[in-house]
Amino acid sequence: MAGHQAGRNARETAYQMIRSRIINLDLKPNDILNEKQLVEEMGMSRTPIHEAIIMLSLEHLVVVRPQSSTSVAPIDLKLVNIEQFNRYALEKEITRLACAQVLDAHRPLYEENLQLYQLYSTSPSPDRNRRMFELDNAFHRIAFDIIDRGAYFDWMVKYFQHVERIRLLSLQLNIATHVVEDHEQFIQLLFQRDVQGLQQLLEKHLKRYLDDLLPIRRQYPYYFKE
């Protein structure tokens, strides 16, 4: 039993490590995933890495070609649309509930997040894009925490497999200029308990990736599934 659990833990670790490298653009579409090389890099046996690759292929992040090669999958816009639709449906309900429970004590959480985001937006740090990406997610999570539904946010983010790369590419191109303005408006509407205004803003905010697609696809055409 202990051996089985250890195997599961190793597989989950391998899965998270490879997935993170794909989501964070360290691994690009069509990059070859060589299991022998991954074994050496990650210091694991081949079995958990092989199982992790199978899991990633089921999530359309990896393409496995039997007797040929395994590579990073391109972004599938059909799956992006599904992810964003599900995100909007969940966040719309969460913010509706948060409007009834938000307190003045929650405002500093939003304001501190926004200040850090603005700080990193002008930072020369090589970590800039990753930190802005994390702060964006953290901002959206606050509403979930207000109503004690943080686990719902974690579940949601776990199933973001394709849209995350678009978000990071938009940061890489410096075209994600709408985030601060949208987040400032979100704070204002939330503390006014304006449910309808918040839902309209969320719909606009979560569809902004569509505006970013043209410049992203022009600059990085190989990232996308034909």
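A salt bridge is taken here as a side-chain nitrogen of Lys or Arg within 4 Å of a carboxyl oxygen of Asp or Glu. The model examined is a predicted one. By this criterion, Asp136 pairs with Arg167, with 3.2 Å between the closest N and O atoms. Asp136 belongs to helix H6 and Arg167 to helix H8, so the bridge ties together parts that are 31 residues apart in sequence. Both Asp136 and Arg167 are buried.

A second bridge also involves helix H6. Asp154 and Arg141 approach to 2.4 Å at their closest N and O atoms. Asp154 sits in helix H7 and Arg141 in helix H6, 13 residues apart, and the pair links distant parts of the chain. Asp154 is partly exposed, because its relative accessible area of 42% falls between the cut-offs of 20% and 50%. Arg141 also counts as partly exposed, at 24% relative accessibility.

Lys207 and Glu203 form a further salt bridge, with the closest N and O atoms 3.3 Å apart. Lys207 is partly exposed, with a relative accessible area of 45%. Glu203 is partly exposed as well, at 34%. Shared partners also join Asp127, Arg130, Arg131 and Glu134 into one network of salt bridges. Side chains of opposite charge can pair when their charged atoms come close. Across the whole structure, the search finds 15 salt bridges.

The charge totals complete this part of the description. The chain carries 28 positive and 30 negative charges. The mean positions of the two sets are 4 Å apart.

The overall fold was considered next. The chain has 11 helices and two strands. Along the sequence, the order of elements is α-α-α-β-β-α-α-α-α-α-α-α-α. The two strands thus follow three helices and precede the remaining helices in that pattern. For 226 residues, a compact globule would have a radius of gyration near 17 Å. The chain has 19 Å, which agrees with that expectation. Along the principal axes, the C-alpha atoms fill a box of roughly 60 × 50 × 35 Å.

Contacts and surface were then summarised for the chain. Among contacts with a separation of 6 or more, 75% are between residues 24 or more positions apart. Of the 226 residues, 44% count as buried. The exposed surface amounts to about 12,300 Å². Carbon and sulfur atoms supply 52% of this area.

Three loop residues were examined individually. Gln161 lies in the loop between helix H7 (150-158) and helix H8 (163-172). Its relative accessible area is 5%, under the 20% cut-off, so Gln161 is buried. Leaving aside residues up to four places away in sequence, Gln161 touches Tyr15, Arg19, Ile23, Glu59, Leu61 and Glu83.

Asp148 occupies the loop between helix H6 (128-146) and H7. This residue is not a glycine, yet its phi is positive, at about 60°. A relative accessible area of 66% is over the 50% cut-off, so Asp148 is exposed.

Arg193 is placed in the loop between helix H9 (179-191) and helix H10 (195-206). Phi of Arg193 is also positive, near 55°, in a residue other than glycine. Arg193 is partly exposed, with a relative accessible area of 44%.

Notes
Residues are numbered from 1 along each chain as its sequence is written. This is a predicted model: local features need pLDDT of at least 70, side-chain atom pairs count only at pLDDT 80 or more; totals for chains, interfaces and linings use all residues. Side-chain values use heavy atoms; hydrogens and water are left out. Helices (H or I, at least four residues) and strands (E, at least two) are DSSP runs, numbered from the N terminus. The radius of gyration is taken over C-alpha atoms; the globule rule is 2.2 Å times the number of residues to the power 0.38. Buried means under 20% relative accessible area, exposed over 50%, partly exposed in between (1.4 Å probe, protein chains only). Contact means heavy atoms within 4.5 Å. Accessible areas come from the Shrake-Rupley method with a 1.4 Å probe; for residues, only the protein chains shown count as cover. Lys and Arg count as positive and Asp and Glu as negative; His and the chain ends are not counted. The place of a charge is taken as NZ of Lys, CZ of Arg, CG of Asp or CD of Glu.
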